[in-house]
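Biologist: Could you take me through the surroundings of the ligand in close detail, and then through the backbone and side-chain features that stand out elsewhere? I would like one connected account that I can follow with the model open beside me.

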Amino acid sequence: MPARIDQLQEQAQRDLAGVTNADQLEQFRLKYLGGKGALKDLMALLKDVPPDQKPAFGQRANALRATLQAAFDERKSSLGAAPAKPTGPRIDVTEPGLPPTIGRSHVISQTIEDLIEVFGRMGFDVATGPEIEDEFHNFVALNIPESHPARDPLDNFYLENPYASAAKPGDESSSPRGLGGPGGPSASNTKKSTAHMLRSQTSTIQIRVMEKTKPPVRVVAMGRVYRPDEHDATHFSMFHQVEGLYVDRNVSMADLKTTLLQFVHAYFGPDAEVRLRPSFFPFTEPSAEMDVKMTIRGVTKWVEIGGCGMVDPAVFQAVGYDPEEWTGFAFGLGIERLAMRKYGITDIRWLFENDVRFLRQF
Ligand code: DAH
């Protein structure tokens, strides 16, 4: 019998020496130490051992169990300490991923889309016009005389050679400079005025639309305008305007007021507070400015968002409409102001800094 124990011990030690991973160790445990293992079988032999040898056999069997258990434990901890080689995929596919950053349109582009939609519902078509303008469309046809302070070179971006990048040097005949040619602010107050500039207002598009369309006309036009203003919380040297023009027979100031109020309530909601204040523009008579109540940095006040009025007969004359037959209203609103009021933006400069932390909020 003791020989049997020695044999078992040797065999177990050989097996354990060959164990290299947790699976094999578990096999070892089952084979020797488990409920149906070899040590259990050994104990079952105890009943056949002669009574005088029983204590010695029992002691040896127990000692063997303790030895194997200790060897097993030691092996287990040494195997556990070595980092287990990953067997599965190296990527944890259950880990939540980073949300993909997809682009979005700029808040001003979104506002323009919204304006097209709201005015579209009110029956306005969309018109466009060039950002490089001549003095005729920016001033002359809009009844802004040569002496008007709005034409001061210091208040406008006049261009020396408006199509420099488009014109081929030495190719005067096909050059777009034929549209007006180079020149600074000119003294001319006629259609042949040669000076070009970045448009300072979208009212230019009123003229362009009326030049090529017979009345009635109902359009809105959105786009960039440029003025050499100092940048601050409410001024930027480039901004956007939405221009509106409605020409028909018997258009009245009541139509203008209704249209603007309808627009403000459709765009900002029924609770928006709005007022029209008498004002002056060379191209409308009578003229008004529109204010909307806004809260800027905790202070609620009236903020001007644009001008409007009944189209001046001199403007109709400039585009060949009969002022005795046709009447109309026009308006021009600052798109940044509208967006600032709508989204609670308190500094116009944020709109053009291109900081995605700001832009991705809209
Ligand atoms: N063009 C004017 C500006 O930039 C705004 C304006 C006022 C437009 C009255 C209009 C208008 O069409 O009727 O300050």
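**The ligand and its shell**

Modeller: In this predicted model, the shell of residues around the ligand is made up of five nonpolar, eight polar and two charged residues. Of the 15 residues around the ligand, the ones that come nearest are Gln201, Gln206, Arg227, Gln241 and Glu243. As for where the shell comes from along the chain, at least two of its residues are supplied by each of α7 (203–212), β6 (238–248), β9 (299–311) and β10 (327–334).

Three polar contacts can be followed atom by atom. The side chain of Gln201 places an N or O atom 2.7 Å from a nitrogen atom of the ligand, while Gln206 has a polar side-chain atom 2.9 Å from an oxygen atom of the ligand. With Phe331 the backbone takes part, since a polar backbone atom of this residue is 3.3 Å from an oxygen atom of the ligand. Taken alone, the ligand would expose 350 Å², and the protein buries 91% of that area. The site itself is the largest pocket, and that is where the ligand sits.

Turning from the ligand to charged pairs within the protein, the count of salt bridges comes to 16. One of them joins the side chains of Glu131 and Arg224, with 3.5 Å from N to O. Because Glu131 lies in the loop between β1 (125–127) and β2 (132–134), whereas Arg224 belongs to strand β5 (residues 217–226), this pair ties together parts that are 93 residues apart in sequence.

The backbone also deserves a careful look at a few positions. Most peptide bonds are trans, and most residues other than glycine have a negative phi. Against that background, the bond that joins Pro215 and Pro216 is cis, with omega at about 5 degrees, and Pro216 has its place in the loop between α7 and β5. Another cis peptide bond runs from Glu285 to Pro286, where omega is near -5 degrees; here Pro286 is found in strand β8 (residues 284–296). Finally, Asn250, a residue other than glycine, has a positive phi near 60 degrees, and this asparagine is found in the loop between β6 and α8 (253–268). Strand β6, which borders that loop, is also among the elements that supply at least two residues to the shell around the ligand.

Notes:
Residues numbered from 1 in each chain as written. Predicted model: local features only at pLDDT ≥ 70, side-chain atom pairs only at ≥ 80, totals over all residues. Heavy atoms only, no water. Near = heavy atom within 4 Å. Polar contact = N/O pair within 3.5 Å; in protein donor to acceptor, adjacent residues only side chain to side chain. Areas by Shrake-Rupley, 256 points an atom, 1.4 Å probe, with all protein chains shown as cover. 1 Å grid on protein atoms, 1.4 Å probe; cavity = no way out; pocket = protein on both sides within 12 Å on 5 of 7 lines; lining within 4 Å. Sits in = over half its atoms within 2 Å of the grid points. Helix = DSSP H or I, 4+ residues; strand = E, 2+ residues; numbered from the N terminus. Nonpolar A, V, L, I, M, F, W, Y, C, P; charged D, E, K, R; others polar. Salt bridge = Lys/Arg side-chain N within 4 Å of Asp/Glu carboxyl O.
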